[in-house]
Amino acid sequence: MSSRLEAEHLYKVFGRRPDEAVERLRQGAGREELRAEGTTAAVIDASFTVEPGKIFVVMGLSGSGKSTLLRMLNGLLEPTAGQVRFDGQDLTALGSRELRQVRSRKISMVFQHFALFPHRSVRENAAYGLEVQGVPRAERVARADEALALCGLAGWEKSWPDELSGGMQQRVGLARALATDADLLLMDESFSALDPLIRRDMQDQLLELQKSLKKTIVFITHDLNEAMRLGDSIAVMRDGRIVQIGTAEDILVRPADDYVASFTQDVDRSRVLTASSVMDTSVTGHEADCDCPTATPDTPFVILCAISARVTHPVAVVDPRHGVVGVVPKQRLVGFMGDQAGEPSPCVSRRERGEKVIARA
Ligand SMILES: Nc1ncnc2c1ncn2[C@@H]1O[C@H](COP(=O)(O)OP(=O)(O)OP(=O)(O)O)[C@@H](O)[C@H]1O
Ligand SMILES: [Mg+2]
């Protein structure tokens, strides 16, 4: 069971007279203006909801406020203004003892450089969160071993941390977080210190684990490819503010501004786009009446390319309930692989070319 996480108008200001600074930010003052006076507006008016069992990715450049935002979610930092609710409970209203309890039972955090205790075995490291909770030893060991196995570390329980590679140590960190059964996982650049292949492997492993664990996860990264692989939705932060929240496809095809667009330049579009973003929707409401291969709105871009290669005319995109919802001419595929995402390249629809492949339903 996992639960909903809600952040409402969160602010975190470091420096003098933070409340006054929040008021000024509400009235439109900028981060730079406050900085000139020695005050840092680390997070400005952040609101979002993470549905139970979903992965919410926060990305943005260094200093944009990601870690500060994350630390407010588990109460490590007290918000200057705003609310955090998890499982219906207002965390910002809790006393420090209650907050510690919620933190040890319901929330786990995995950091970038996960500090393992060098003089404890892998098993004892994985069981650490349970020890804090006061779970009896036998149960601790059983749950730690189970979590280690989930993370691909069965057989390493009795090893010492320095006998493990960096990637394996990071997995012990993940196992520690999973062992506590916390519903909310907060991950701050958890995979960033790993080399690219191991990093990918960890991403796959997290997605695989998530299929059965269905935790509510907030994952911070500055790597958009990672964000797009993992995120059910993605928030992009700039200078303390969330400038866009959307799916990977939203961010890629409909970036809110040039800042967001600049992030997406190096993204492997073929892994993110689906037919629904690429198709020309001026042809709709009909049924394909030939035996040609068609696509559905969620057909991945790479498959779409494969289909397109097999036919000479545009590919019809067919929704089971609504018939043809669009068409994808070859030129359009080429256009979307370039850097002009969202700007359809000139194309000729089947209908304009007078091909009789689509008939009225
Ligand atoms: N305890 C603190 N006191 C004063 N300023 C702070 C504190 N923590 C963070 N800041 C400032 O708040 C801003 C946001 O920092 P934060 O660590 O949240 O950024 P980030 O997006 O996580 O960056 P990175 O990608 O480098 O980890 C920065 O300008 C930082 O200097
Ligand atoms: Mg950070």
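These legends accompany several close-up views of a predicted model of a protein with one or more bound ligands, of which ligand 1 is treated here.

**Figure 1. Overall view of the predicted protein model.** The secondary structure of the protein comprises 15 helices and 14 strands, and along its principal axes the C-alpha trace spans about 75 × 55 × 35 Å. Of the 361 residues of the protein, 40% count as buried. Among the contacts that link residues at least 6 apart in sequence, 67% connect residues at least 24 apart.

**Figure 2. Close-up of the surroundings of ligand 1.** The shell around ligand 1 includes Phe-14, Thr-40 and Ala-42, together with residues from further along the chain, among them Gly-60, Ser-62, Gly-63, Ser-64 and Gly-65. Lys-66, Ser-67, Thr-68 and His-222 also belong to these surroundings. Sorted by class, the shell has two nonpolar, nine polar and one charged residues. Strand β2 (40-50) and helix α3 (66-73) each supply at least two residues of the shell, and α3 gives the most, with three residues.

**Figure 3. Close-up of the four-stranded open sheet.** The strands of this sheet follow the order β2-β1-β4-β5, and their pairing is antiparallel. The edge strands are β2 and β5 (89-90), each of which pairs on one side only. Strand β4 (residues 81-86) is joined to β5 in the antiparallel sense over two bridges, and Arg-85 has Asp-90, in β5, as its bridge partner. Strand β2, an edge strand of the sheet, also supplies at least two residues of the shell around ligand 1.

**Figure 4. Close-up of helices α1 and α3 against the sheet strands.** Helix α1 (residues 18-26) lies across β1 (5-14), β2 and β4, and runs at about 115° to β1. Helix α3 likewise lies across β1, β2 and β4, running at about 120° to β1. In addition to lying across these strands, α3 contributes three residues to the shell around ligand 1.

**Figure 5. Close-up of residues 339-361, where pLDDT stays under 50.** For the protein as a whole, the mean pLDDT is 85, and 90% of the residues reach 70 or more. Over residues 339-361, by contrast, pLDDT stays under 50, although the model has 55 contacts beyond four places in sequence for this stretch. Where pLDDT is low, the predicted coordinates should not be read in detail.

Terms used. Residues are numbered from 1 along each chain as its sequence is written. Chains are lettered from A and ligands numbered from 1 in the order in which they are written. This is a predicted model: local features need pLDDT of at least 70, side-chain atom pairs count only at pLDDT 80 or more; totals for chains, interfaces and linings use all residues. pLDDT is the predictor's confidence in each residue, from 0 to 100. Two residues are in contact if their C-beta atoms, placed from the backbone, lie within 7 Å. A residue is near a molecule or strand if its C-beta atom, placed from the backbone, lies within 6 Å of it. Ala, Val, Leu, Ile, Met, Phe, Trp, Tyr, Cys and Pro count as nonpolar, Asp, Glu, Lys and Arg as charged, and the others, Gly among them, as polar. Two strands pair if DSSP finds at least two bridges between them. Axes are lines fitted to C-alpha atoms, for helices over the stretch in contact, and angles run from 0 to 180 degrees between N-to-C directions. A residue is buried if 20 or more other C-beta atoms lie within 10 Å of its own, exposed if 12 or fewer, and partly exposed in between; C-beta atoms are placed from the backbone.
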